[in-house]
Amino acid sequence: MSAKVILTVTHGSLKGKTFVFPEATRCTIGRSGDCELSLLHEPGNADVSRRHCVLEIDPPLVRVRDLGSLNGTYVNGEKIGQRPPFLPAEDARHEGLEARPLRPGDLLQVGRVVFFVGVVNPPEAEEKTAYLSELA
(Lines give C-alpha, C1' and ligand atoms only; values in the text may rest on other atoms or scores of the structure.)
Protein backbone atom coordinates (compact mmCIF):
# COMPACT_ATOMS: atom_id res chain seq x y z
CA MET A 1 0.00 0.00 0.00
CA SER A 2 1.39 3.38 -0.92
CA ALA A 3 0.73 6.85 0.45
CA LYS A 4 -2.23 8.90 -0.78
CA VAL A 5 -3.11 12.57 -0.48
CA ILE A 6 -6.83 13.08 0.15
CA LEU A 7 -8.66 16.40 -0.18
CA THR A 8 -12.14 16.55 1.34
CA VAL A 9 -14.37 19.55 0.65
CA THR A 10 -15.70 20.86 3.97
CA HIS A 11 -17.36 24.05 2.72
CA GLY A 12 -18.95 25.02 -0.59
CA SER A 13 -21.33 23.37 -3.05
CA LEU A 14 -18.98 20.37 -3.36
CA LYS A 15 -19.15 19.76 0.42
CA GLY A 16 -18.48 16.12 1.23
CA LYS A 17 -16.74 15.38 -2.08
CA THR A 18 -13.36 13.69 -1.77
CA PHE A 19 -10.44 13.83 -4.20
CA VAL A 20 -7.77 11.11 -3.85
CA PHE A 21 -4.27 11.43 -5.29
CA PRO A 22 -2.37 8.11 -5.07
CA GLU A 23 0.59 9.16 -7.23
CA ALA A 24 2.75 12.13 -8.15
CA THR A 25 0.82 14.75 -10.10
CA ARG A 26 0.10 18.44 -10.51
CA CYS A 27 -3.47 19.51 -9.91
CA THR A 28 -4.60 22.98 -10.98
CA ILE A 29 -7.57 24.45 -9.11
CA GLY A 30 -9.63 27.24 -10.64
CA ARG A 31 -12.87 28.14 -12.35
CA SER A 32 -11.64 27.20 -15.83
CA GLY A 33 -13.09 24.03 -17.27
CA ASP A 34 -9.58 22.81 -18.13
CA CYS A 35 -8.43 22.74 -14.48
CA GLU A 36 -8.03 19.28 -13.01
CA LEU A 37 -10.17 20.46 -10.10
CA SER A 38 -12.63 22.89 -11.65
CA LEU A 39 -14.78 25.18 -9.50
CA LEU A 40 -16.59 26.39 -12.61
CA HIS A 41 -20.06 25.71 -11.18
CA GLU A 42 -19.32 26.86 -7.62
CA PRO A 43 -21.85 29.56 -6.60
CA GLY A 44 -20.17 32.92 -6.02
CA ASN A 45 -17.00 31.79 -7.75
CA ALA A 46 -16.02 35.35 -8.67
CA ASP A 47 -13.38 35.08 -5.91
CA VAL A 48 -11.75 32.22 -7.81
CA SER A 49 -9.36 32.95 -10.69
CA ARG A 50 -9.53 30.90 -13.88
CA ARG A 51 -6.26 29.20 -12.88
CA HIS A 52 -6.11 30.01 -9.17
CA CYS A 53 -3.50 27.71 -7.62
CA VAL A 54 -1.68 24.46 -8.22
CA LEU A 55 -1.07 21.48 -5.97
CA GLU A 56 2.26 19.72 -6.44
CA ILE A 57 1.59 16.23 -5.13
CA ASP A 58 4.07 13.43 -4.48
CA PRO A 59 2.38 11.34 -1.79
CA PRO A 60 2.70 11.70 1.12
CA LEU A 61 4.01 15.19 0.33
CA VAL A 62 1.88 18.01 -1.05
CA ARG A 63 2.59 21.69 -1.72
CA VAL A 64 0.34 24.52 -2.90
CA ARG A 65 1.38 27.49 -5.01
CA ASP A 66 -0.86 30.44 -5.81
CA LEU A 67 -0.79 31.20 -9.55
CA GLY A 68 -1.13 34.94 -9.21
CA SER A 69 -4.80 34.93 -8.25
CA LEU A 70 -6.49 38.25 -7.58
CA ASN A 71 -7.87 37.18 -4.17
CA GLY A 72 -5.11 34.87 -2.93
CA THR A 73 -5.16 31.32 -1.63
CA TYR A 74 -5.53 30.59 2.09
CA VAL A 75 -3.83 27.94 4.20
CA ASN A 76 -5.26 27.68 7.71
CA GLY A 77 -6.66 31.20 7.33
CA GLU A 78 -3.34 32.74 6.22
CA LYS A 79 -3.25 34.31 2.76
CA ILE A 80 -0.52 33.12 0.44
CA GLY A 81 0.05 34.52 -3.01
CA GLN A 82 -2.19 37.17 -4.58
CA ARG A 83 -1.16 39.52 -7.30
CA PRO A 84 -1.57 43.28 -7.31
CA PRO A 85 -4.72 44.32 -9.23
CA PHE A 86 -2.68 46.18 -11.87
CA LEU A 87 -0.57 43.11 -12.76
CA PRO A 88 -2.03 40.78 -15.41
CA ALA A 89 -2.51 37.17 -14.23
CA GLU A 90 -0.15 35.82 -16.88
CA ASP A 91 2.67 38.06 -15.62
CA ALA A 92 2.01 37.12 -11.99
CA ARG A 93 2.41 33.40 -12.76
CA HIS A 94 6.04 34.06 -13.59
CA GLU A 95 6.82 36.12 -10.47
CA GLY A 96 8.37 33.15 -8.64
CA LEU A 97 5.56 32.67 -6.13
CA GLU A 98 6.71 30.20 -3.50
CA ALA A 99 5.11 26.80 -3.01
CA ARG A 100 3.94 26.16 0.53
CA PRO A 101 4.00 22.67 2.07
CA LEU A 102 0.66 21.34 3.27
CA ARG A 103 0.40 18.99 6.22
CA PRO A 104 -2.31 16.57 7.25
CA GLY A 105 -5.08 18.53 8.94
CA ASP A 106 -4.42 21.78 7.07
CA LEU A 107 -7.32 23.71 5.58
CA LEU A 108 -6.86 25.00 2.03
CA GLN A 109 -9.31 27.69 0.90
CA VAL A 110 -9.88 28.74 -2.70
CA GLY A 111 -12.63 31.33 -2.93
CA ARG A 112 -15.48 29.97 -0.80
CA VAL A 113 -14.40 26.35 -1.13
CA VAL A 114 -12.48 24.82 1.78
CA PHE A 115 -10.52 21.57 1.48
CA PHE A 116 -9.33 19.46 4.42
CA VAL A 117 -5.92 17.96 3.65
CA GLY A 118 -5.51 14.34 4.64
CA VAL A 119 -2.77 11.81 4.04
CA VAL A 120 -2.88 8.03 4.25
CA ASN A 121 0.71 7.23 5.07
CA PRO A 122 1.77 3.57 5.41
CA PRO A 123 5.05 2.76 7.26
CA GLU A 124 7.24 2.65 4.12
CA ALA A 125 5.97 6.08 3.06
CA GLU A 126 6.70 7.48 6.53
CA GLU A 127 10.35 6.49 6.02
CA LYS A 128 10.40 8.52 2.76
CA THR A 129 8.89 11.53 4.56
CA ALA A 130 11.43 11.32 7.40
CA TYR A 131 14.33 11.02 4.94
CA LEU A 132 13.18 14.02 2.88
CA SER A 133 12.68 16.07 6.07
CA GLU A 134 16.27 15.36 7.10
CA LEU A 135 17.51 16.66 3.74
CA ALA A 136 15.62 19.95 4.09
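**Exercise 1. Work out how exposed Asn 76 is, and what stands out about its backbone.**

Solution. Start with the surface: Asn 76 has a relative accessible area of 45%, so the residue counts as partly exposed. That label covers the range between buried (under 20% relative accessible area) and exposed (over 50%), using a 1.4 Å probe and protein chains only. Next, find the place: Asn 76 sits in the loop between strand E7 (73-75) and strand E8 (78-80). Strands here are DSSP runs of E with at least two residues, helices are runs of H or I with at least four, and both are numbered from the N terminus. Finally, check the backbone: phi of Asn 76 is near 50°, a positive value in a residue other than glycine.

A word on the model before going on. It is a predicted one, where local features need pLDDT of at least 70, side-chain atom pairs count only at pLDDT 80 or more, and totals for chains, interfaces and linings use all residues. Residues are numbered from 1 along each chain as its sequence is written, and side-chain values use heavy atoms, leaving out hydrogens and water.

**Exercise 2. Find the cis peptide bond between Pro 59 and Pro 60.**

Solution. Go to the loop between E5 and E6, where Pro 60 lies. Then look at the bond from Pro 59 to Pro 60: its omega is near 10°, and the bond is cis.

**Exercise 3. Lay out the open sheet of five strands and find its edges.**

Solution. First, write down the order, E4-E3-E5-E6-E9, with mixed pairing. Strand E4 (37-38) and strand E9 (100-102) each have a single partner strand, so they stand at the edges with one side lacking a neighbour in the sheet. Two strands count as paired if DSSP finds at least two bridges between them. Now zoom in on one pair: E3 and E4 run parallel and are joined by two bridges. Ile 29 has Leu 37 in E4 as its bridge partner.

**Exercise 4. Explore the largest nonpolar core.**

Solution. Such a core is a set of buried Ala, Val, Leu, Ile, Met, Phe, Trp, Tyr and Cys residues joined through side-chain atoms within 4.5 Å. This one has 23 residues, and Ile 29, Leu 55, Leu 108 and Phe 115 touch the most other members. Among the elements giving two or more residues to this core are strand E3 (25-30), strand E5 (53-58) and strand E11 (113-120). Now follow Phe 115: leaving aside residues up to four places away in sequence, its contacts (heavy atoms within 4.5 Å) include Leu 7, Phe 19, Ile 29, Leu 37 and Leu 108.
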